[in-house]
Amino acid sequence: MITLKGRDNFNSEYMYDVSVKNLSSDPLVAESLIIVLDKITNIGGDERTSGTSESNQSRMEILGQDSETDDGKPYFRIPRGSGPDLPPYTESSPVTVRIRNKDYLIVFTPFFRVYGLKRTPAPPKPKERVSPSPPAKTPADKLIQMLIQKGLLSEEEGRALYQQ
């Protein structure tokens, strides 16, 4: 979600609050979430300055970025919330992105991409191999098996009774 937070006309600087909403049913690893300023378009939707091959983004000064991608696009880390993950269908805290327009006359729109990792589910715990109870031979054995089936006795407790 992108919200224009403020504008400094004297410096031609725009401040945006950008947050990430997890639209998946899987949690996202909070530390992995970044937003990349992918492109800046002018009012006509063009990524290039009219009459040149220069990108609109090269005419902007991006302030406070965390770093750049391999292809030179600025990125910002999403602030980590209260836990290690961004739970499904929730929104992150915002990061403030400041863009200074060096060419005061250009009206622009920033476009962001979100990158992050899904939390891989924990592998299921291996079930203990339980040796099957011996076949019921006596009424007491039948009673023990019935109590195990109803969950009133554990397999381990049942084996202990068989051994007596």
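Two residues are in contact when they have heavy atoms within 4.5 Å. Keep that in mind for the views below, which come from a predicted model.

**View 1. The whole chain is mostly a story of strands, with helices at the end.** Read along the sequence, the pattern goes β-β-β-β-β-β-β-β-β-β-α-α. That gives 10 strands and 2 helices. Of the 164 residues in the chain, 32% are buried. The accessible surface adds up to about 11300 Å², and carbon and sulfur atoms account for 52% of that. Now take the contacts between residues at least 6 apart in sequence: 64% of them join residues at least 24 apart.

**View 2. Asparagine 22 sits buried in a loop.** Look for asparagine 22 in the loop between β2 and β3 (28-29). Is this residue buried or exposed? Its relative accessibility is 2%, and buried means under 20%, so asparagine 22 counts as buried. Which residues does asparagine 22 touch, once those up to four places away in sequence are left out? The list is Pro27, Leu28, Leu86, Pro87, Pro88, Tyr89 and Thr90. The side chain of asparagine 22 also reaches two backbone oxygens: that of aspartate 26 at 2.8 Å, and that of leucine 86 at 3.0 Å.

**View 3. One open sheet runs in the order β1-β2-β9-β5.** These 4 strands pair in the antiparallel sense. Strands of a sheet pair through backbone hydrogen bonds. At the edges stand β1 (2-8) and β5 (60-63); each has a single partner strand, so one side of each has no neighbour in the sheet. From one strand to the next, the twist averages 25°. Zoom in on β1 and β2 (residues 13-18), and you'll find 6 bridges joining the antiparallel pair. One pair to pick out is aspartate 8 with its bridge partner in β2, glutamate 13.

**View 4. Leucine 63 is a buried residue in an edge strand.** You'll find leucine 63 in strand β5, one of the edge strands of the sheet in View 3. With a relative accessible area of 13%, leucine 63 is buried. What does leucine 63 contact, leaving aside neighbours within four places in sequence? The answer is Glu13, Phe76, Arg98 and Arg100. Take arginine 100 from that list: leucine 63 and arginine 100 are 37 residues apart along the chain, and their C-alpha atoms are separated by 7.4 Å.

**View 5. Another open sheet is ordered β6-β7-β4-β10.** This sheet has 4 strands, and the pairing is antiparallel. Its edge strands are β6 (67-68) and β10 (108-115), each of which pairs on one side only. How many bridges join β4 to β10? There are 8, and among the residues involved, lysine 39 has phenylalanine 111 in β10 as its bridge partner. β4 is also joined to β7 (residues 74-77), this time by 3 bridges. Here the bridge partner of isoleucine 35 is phenylalanine 76 in β7.

**View 6. β6 and β7 make a hairpin.** There are 5 residues between the two strands. The strands pair antiparallel over 2 bridges, and serine 67 stands opposite tyrosine 75 in β7. In the turn, check out glycine 72, which has a positive phi of about 85°.

**View 7. Glycine 45 comes within 8.3 Å of a residue far along the chain.** Glycine 45 is in the loop between β4 (34-42) and β5. At 45% relative accessibility, glycine 45 counts as partly exposed. Its C-alpha is 8.3 Å from that of threonine 109, although the two residues are 64 apart in sequence.

**View 8. Helix α1 has a buried side and another with exposed residues.** In α1 (residues 139-149), Asp141, Ile144 and Ile148 are buried. Why do these residues belong to the same side of α1? They cover an arc of only 60° around the axis, which puts them on the same side. Turn to the other side of α1 and you meet Pro139, Lys142 and Gln149, which are exposed. Just after the helix comes glycine 151, with a positive phi of about 85°.

Notes
Residues numbered from 1 in each chain as written. Predicted model: local features only at pLDDT ≥ 70, side-chain atom pairs only at ≥ 80, totals over all residues. Heavy atoms only, no water. Buried < 20%, exposed > 50% of the residue type's maximum accessible area, 1.4 Å probe, protein only. Areas by Shrake-Rupley, 256 points an atom, 1.4 Å probe, with all protein chains shown as cover. Pairing = 2+ DSSP bridges. Axes fitted to C-alpha atoms, helices over the stretch in contact; angles between N-to-C directions. Arc of directions from axis to C-beta. Polar contact = N/O pair within 3.5 Å; in protein donor to acceptor, adjacent residues only side chain to side chain.
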